[in-house]
Amino acid sequence: MSAVRTARTVVAAGLVAGLAATALAAPAVAAAPPAEPSHAATQQALDAAVAAGVPGAVAAARDGKDRWTGTAGERKGNDRYRVGSITKTFTATVLLQLQAERRLDLDDPVEKWLPGVVRGNGHDGRKITVRQLLNHSSGIYSYTEDPAFQQKVFGSGFLEHRYDTWAPQQLVDVAMGHAPDFAPGTSWRYSNTNYVLAGMVIEKVTGRPYGKAVENRIIKPLKLRATSVPGTDSRMPEPHSVAYSKLGAETDGPTYDVTDLNPSIASAAGEMISDSNDLQTFYRALLKGRLLPKAEMRELTTTLPVSAQYPDYRYGLGISWQKLSCGKEIWGHGGGIHGSVSEGYATRDGEHSLAGNFNADWTGDTQAVIEAEFCGTAPKKQ
């Protein structure tokens, strides 16, 4: 699988962390049917993705009372899809809610809740806080960067192992087989292991799987009817389109149907399913303060720089901030998993939002869709 391009390549915005990303030139724009004037550029970006080889693309936007949905290729406007690392915002929100209820403190050491779990090859849960899990400053190695795991789960081994169940502890054990990336709190690096551990902390605090907390605290109150935490269920709920992957870094090899898979490979780091309308409802509610008290909102949106190379991209607690080419600032997350690349973003006041998905993981430019919607910038022609 290939990571979301541009700034989020640094963040490896999904379970694609550690796999080769393909740098793509701006694709040519295919002929498009007339779109609503305020979203014409967004429709052009969707069509450009299909012209670049993405089988299907969908995006939905809200701006005040205005609502719009656009599709291109093999996509329906109400398709459900795997959202990958957008799951991280849900996970972090639950932990912030638990802190607001004084059931834990984000500055608790991981060892307090998961004794003996983060140990090995220099990892030490006594020196890492829950907060450092959420903002990726823990230094914990990402299990998705392990070469053997990559081959088995993302490469040619996927076809044989797509229905395997992975317990969260197994995923953590893969990470513990490697040295940390850095000492806790001294740098920043995206790690899916951080959020597997975050889900385990939620389970320890609540006594129930993290997915139940997400359902009871976010999905049900917001009436997100297309959103689910599938656990080990490999099936996609209807309606949905086929998800496609090359199962490797090559872009000219065979294409595989990867729609069905056991999402336990992602756990609290990226297993969830949703659609474009639900994702917007979630991010709008979150940024408007409907899910967290003011103190926890300040913590959610306290960000760290990810790289000197990308000063216009920062990371908070399960949510990222970026400044676009037109100067507009947006908050949200990207996500990638087999055959599915998703984006969910909104302005800080929650009034202008966008969510969408490509059903391919080797081509297309989701950043072009974001720039088109929030800045009105049409994709460049070759």
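This report walks through a predicted model, from its overall makeup to a few helices and residues.

## The overall picture

The protein has 382 residues, and 60% of them count as buried. Its secondary structure comes to 13 helices and 14 strands. Contacts tend to reach across the sequence: taking those between residues at least 6 apart, 70% join residues at least 24 apart.

## The nonpolar core

The largest nonpolar core holds 103 residues, and the members that touch the most others are Phe90, Leu95, Leu197 and Phe282. As for helices, H9 (residues 192–206) gives the most to this core, with eight residues.

Let's pick out two of those well-connected members. Setting aside residues up to four places away in sequence, Leu95 touches Leu104, Leu106, Val130, Leu134, Ala198, Val201 and Ile202. Phe282 sits in helix H11 (residues 276–287) and is buried, at 0% relative accessibility. With the same sequence neighbours left out, Phe282 touches Thr89, Phe90, Thr93, Ile218, Leu222, Leu224 and Leu291. There's also a link along the chain to note: Phe282 and Gly344 are 62 residues apart in sequence, yet their C-alpha atoms are 9.2 Å apart.

## H2 against H13

Two packed helices are described by the angle between their axes and the distance between the axes. For H2 (residues 40–51) and H13 (residues 366–375), the axes come within 7 Å and cross at roughly 170 degrees. Angles over 145 degrees count as roughly antiparallel, so that is how H2 and H13 run relative to each other. On the H2 side the contact is made by Ala41, Thr42, Ala45 and Leu46, and on the H13 side by Ala368, Val369, Ala372 and Glu373. Sorted by type, the residues of this contact are six nonpolar, one polar and one charged.

H13 itself is mostly covered, with eight of its ten residues buried. The buried set is Thr366, Gln367, Val369, Ile370, Glu371, Ala372, Glu373 and Phe374. At the start of H13, a side-chain oxygen of Asp365 comes to within 3.1 Å of the backbone nitrogen of Gln367. Just after the helix, Gly376 has a positive phi of about 75 degrees.

## Arg75, a buried arginine

Arg75 lies in the loop between strand E2 (66–73) and strand E3 (80–82). Is this residue buried or exposed? The relative accessible area of Arg75 is 8%, under the 20% cut-off, so Arg75 counts as buried.

Its side chain has polar partners. One polar contact goes to the side chain of Asp79, at 3.0 Å, and another goes to the side chain of Asn357, at 2.2 Å. Beyond its neighbours within four places in sequence, Arg75 is in contact with Gly56, Ala57, Val58, Arg80, Tyr81, Ser241, Asn357, Phe358 and Asn359.

## Val83, after strand E3

Val83 is in the loop between E3 and helix H3 (87–100), and at 1% relative accessibility it is buried. Which residues does Val83 contact, leaving aside neighbours within four places in sequence? They are Met272, Ile273, Ser274, Leu279, Gly335 and Ser342. Met272 is 189 residues from Val83 in sequence, while their C-alpha atoms are 5.9 Å apart in space.

Terms used. Residues numbered from 1 in each chain as written. Predicted model: local features only at pLDDT ≥ 70, side-chain atom pairs only at ≥ 80, totals over all residues. Heavy atoms only, no water. Axes fitted to C-alpha atoms, helices over the stretch in contact; angles between N-to-C directions. Helix = DSSP H or I, 4+ residues; strand = E, 2+ residues; numbered from the N terminus. Parallel < 35°, antiparallel > 145°, perpendicular 65-115°, else oblique. Contact = heavy atoms within 4.5 Å. Nonpolar A, V, L, I, M, F, W, Y, C, P; charged D, E, K, R; others polar. Core = buried A, V, L, I, M, F, W, Y, C linked by side-chain atoms within 4.5 Å. Buried < 20%, exposed > 50% of the residue type's maximum accessible area, 1.4 Å probe, protein only. Polar contact = N/O pair within 3.5 Å; in protein donor to acceptor, adjacent residues only side chain to side chain.
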